[in-house]
Amino acid sequence: MNTGKTYQRSKTDLSKYDNSWYKQPPLLKNVLWFVTNALFLNSHLLVPVSFKRLILKAFGAKIGKGLMIKPKVNIKYPWLLSIGNDVWIGEEVWIDNLTEVSLGNNVCLSQGAMLLTGNHDYTRSTFDLSVGKIVIEEGVWIGAKSIVCPNVICHSHAVLAVNSVAVKNLEAYGIYQGNPAQWIRERKIEA
C-alpha cells in the first residue's frame, strides 16, 4: 500500500537474531524429553493413558486426576505445564510452551488445537523472540484446529470455536469465533 510517504525501509536480518536471554533447558534433559515425547506422546502407538501421565509427571508436569490424552500430542516442555482434573487433550494437539501453560479442571483441547507461547517481534529487524504465558481456566473448550496465542487467558467456561485464533483474553462463558476471534454470544450450560 502506497501512502505517498517516502522513507527508508528497514529489512529483517536474521543473522542478528539473538535469543540468548531465553533460558534453554539442560541439553541432556531436552534430548531425553525429545526422544520420550516422540516415542510415547507424539506418536500413533497405542500407549496407555496411565503411562503417558506417568511420563509427563516424571518430566515435571503437574497433573491432576482423570487426564485423557490422545495420540500424536506434542508438548514442548512438560516441566512448564500444569494440568487440572478431568482434562481432555485430543489428537494432534500441540502445546508449544516456551513458558508456563496452565490448564484448569474440565478443560477440553480438541483435535489439532495449538497453544503457542512464543512469537517474534516483526517490527524489529532482529525478529526478536517474545514469550508469554497461557492460562486456560476451568471448563474452557478450545475447538479443533484453533490457536491460543501468547499472553492469553481463556476465562472460565469460554469456548473458542473451530479454526479460530485467540489473540486476546476470552471472557468467561463467552463463545468466540474467527481470526482474530470475536465474541459471538454467551455460552449457556444446562444442568
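Visitor: A residue counts as buried under 20% relative accessible area. What share of the 191 residues of the protein counts as buried?
Guide: The model is predicted. Its accessible surface comes to about 11,400 Å², with 56% of that belonging to carbon and sulfur atoms. Of the 191 residues, the share that counts as buried is 40%.

Visitor: What box do the C-alpha atoms fill along the principal axes?
Guide: The protein contains 2 helices and 19 strands. Of the contacts with a separation of 6 or more, 28% are between residues 24 or more positions apart. Along the principal axes, the C-alpha atoms fill a box of roughly 60 × 45 × 25 Å.

Visitor: Which residues touch the most other members of the largest nonpolar core?
Guide: In soluble globular proteins, nonpolar side chains tend to be buried together. The largest nonpolar core here has 43 residues. Elements that each supply at least two residues of this core include α1 (27–41), α2 (49–58) and β12 (134–136). The members that touch the most others are Ile89 and Ile136.

Visitor: Leaving aside neighbours within four places in sequence, which residues are in contact with isoleucine 136?
Guide: Ile136 is one of the two residues that touch the most other members of the core. Strand β12 covers residues 134–136 and is among the elements that supply at least two core residues. Beyond four places in sequence, the contacts of isoleucine 136 are Ser102, Leu103, Gly104, Val107, Leu115, Ile142, Val148 and Cys154.

Visitor: Which strands stand at the edges of the sheet of 5 strands?
Guide: The order in this open sheet is β3-β6-β9-β14-β17, and the pairing is parallel. An edge strand has a single partner, so one of its sides is left without a neighbour in the sheet. The strands in that position are β3 and β17.

Visitor: Which residue of β9 stands opposite isoleucine 95?
Guide: Strand β6 (residues 94–96) and strand β9 (residues 114–116) run parallel and are joined by 3 bridges. Opposite isoleucine 95, in β9, stands leucine 115.

Visitor: Which strands stand at the edges of the sheet of 7 strands?
Guide: This open sheet has the order β2-β5-β8-β13-β16-β18-β19, with mixed pairing. Its edge strands have a single partner each, so one side of each is left without a neighbour in the sheet. They are β2 and β19.

Visitor: Which residue of β19 stands opposite tyrosine 176?
Guide: Strands β18 (residues 174–177) and β19 (residues 182–186) run antiparallel, joined by 4 bridges. The partner that stands opposite tyrosine 176 is tryptophan 183.

Visitor: Which residues does the cis peptide bond with omega of about 0° join?
Guide: The hairpin of β18 and β19 has 4 residues between the strands, and in this hairpin glycine 178 takes a positive phi near 105°. Proline 180 lies in the loop between β18 and β19. The cis bond, with omega about 0°, joins asparagine 179 and proline 180.

Visitor: Where is lysine 72, whose phi is near 65°, found?
Guide: The phi of lysine 72 is positive, in a residue other than glycine. Lysine 72 is partly exposed, with a relative accessible area of 24%. It is found in the loop between β2 (68–69) and β3 (74–75).

Visitor: Is glycine 143 buried or exposed?
Guide: Glycine 143 is found in the loop between β13 and β14, where lysine 145 also lies. Lysine 145 is not a glycine, yet has a positive phi of about 60°. Not counting residues up to four places away in sequence, glycine 143 touches Ser110, Ala113, Leu160, Ala161 and Val162. The relative accessibility of glycine 143 is 2%, below the 20% cut-off, so it counts as buried.

Visitor: What kind of aromatic pair do tryptophan 21 and tyrosine 22 form?
Guide: A pair of aromatic rings is described by the distance of the centres and the angle of the planes. Tryptophan 21 is partly exposed at 49% relative accessibility, whereas tyrosine 22 is buried at 10%. Their centres are 5.9 Å apart and their planes stand at 85°. Planes over 60 degrees apart count as edge-to-face, so this pair is edge-to-face.

Visitor: Over the face of which residue does lysine 29 lie?
Guide: Helix α1 covers residues 27–41. Lysine 29 lies 4.2 Å from the centre of a ring, over the face of tryptophan 79.

Definitions and conventions:
Residues numbered from 1 in each chain as written. Predicted model: local features only at pLDDT ≥ 70, side-chain atom pairs only at ≥ 80, totals over all residues. Heavy atoms only, no water. Core = buried A, V, L, I, M, F, W, Y, C linked by side-chain atoms within 4.5 Å. Buried < 20%, exposed > 50% of the residue type's maximum accessible area, 1.4 Å probe, protein only. Contact = heavy atoms within 4.5 Å. Pairing = 2+ DSSP bridges. Phe/Tyr/Trp six-rings, centres within 6.5 Å; stacked < 30°, edge-to-face > 60°. Lys NZ or Arg CZ within 6 Å of the ring centre and 35° of its normal. Areas by Shrake-Rupley, 256 points an atom, 1.4 Å probe, with all protein chains shown as cover.
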